[in-house]
Amino acid sequence: ARFPRRVSTDACAVLLQRFAVVFDTGSSNLWVPSSLCEASGCRRHIRFEQRRSSTHLVTDKSAFIRFGTGAIDGVVSQDTVRFHELQVANQSFIEVRDEKSFPFEEYPFDGILGLGLPKLAIEGTTPLFDTIMQQRLLDRNVFSFALSPEGSEPSTILFGGVDPALHVGPLLWVPLHPSCYWEMLVADIELGGEVCTSPLSPFAF
């Protein structure tokens, strides 16, 4: 589930630094390119500048993440992150110092905002949504997606609840399957009269 949205770092600086990020339920860290990154994938996007932030704190932790396609290398930093009306203090994120050109060079977003489980996060870091919960910034500790067909209305992510106008019928809550991912057991998925999964197959989302 991935949607470009704007995230701003440093609520106290004169000029906010704004980044287009993708919400990714398959990873758990927030990362953006650093101004110190000279890789072509970094230079094609907005890069984080430490000197423009009055609340920035760099740590001595290094960070390396390999995705299904591509990889990033950088350092763990901390800053205030704004997301629409939310202001999240002391949020850890990765300043990317190097990244593989493919596939990030061609993507329209600057970085990734991971919404996965803490098990997937770099050691010593806290996923953004977990920090939001710790700081009690929402009425309900829930985030939800409404997925639209490509080319139709924009897809939606909602922090703090579920919009009943965006779904039909009751919601069904199911337990998570023990995993590093948002994963549940699915008895079967039927498409066009054909069963597409084996009984009780783990299904990540």
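Below is a short conversation about confidence, salt bridges and the disulfide in this predicted model.

Reader: Before I dig in, what average pLDDT does the protein have?

Author: Happy to start there: this is a predicted model, where local features need pLDDT of at least 70, side-chain atom pairs count only at pLDDT 80 or more, and totals for chains, interfaces and linings use all residues. Residues are numbered from 1 along each chain as its sequence is written, and side-chain values use heavy atoms, with hydrogens and water left out. pLDDT is the predictor's confidence in each residue, from 0 to 100. At least 70 is reached by 88% of the residues, and the protein averages 84.

Reader: Which element has the lowest mean pLDDT?

Author: Elements here are DSSP runs numbered from the N terminus, namely helices (H or I, at least four residues) and strands (E, at least two). Helix 3, residues 128-134, has the highest mean at 96, while the lowest, 46, belongs to strand 1 (residues 4-9). Where pLDDT is low, the predicted coordinates should not be read in detail. The element you asked for is strand 1.

Reader: Over which residues does pLDDT stay under 50?

Author: The model has 66 contacts (heavy atoms within 4.5 Å) beyond four places in sequence for this stretch. The stretch is residues 1-14.

Reader: Which residues are linked with Glu49 in a network of salt bridges?

Author: A salt bridge is a side-chain nitrogen of Lys or Arg within 4 Å of a carboxyl oxygen of Asp or Glu, and the structure holds four. Glutamate 49 meets arginine 51 at 2.7 Å, N to O, and arginine 52 at 3.8 Å between the closest N and O atoms. On accessibility (buried under 20% relative accessible area, exposed over 50%, partly exposed in between; 1.4 Å probe, protein chains only), glutamate 49 is partly exposed at 21% and arginine 51 is exposed at 72%. The partners in the network are Arg51 and Arg52.

Reader: With which residue does arginine 47 form a salt bridge?

Author: Arginine 47 is partly exposed, with a relative accessible area of 26%. Its closest N and O atoms in the bridge are 3.6 Å apart, and the partner is glutamate 38.

Reader: Is the disulfide of cysteine 37 and cysteine 42 right-handed or left-handed, and why?

Author: A disulfide is counted as a pair of cysteine sulfur atoms within 2.5 Å, and the sulfur atoms of cysteine 37 and cysteine 42 are 2.1 Å apart. Cysteine 37 is buried at 0% relative accessible area, and cysteine 42 is buried at 0% as well. Because the torsion about the S-S bond is about 75 degrees, the disulfide is right-handed.
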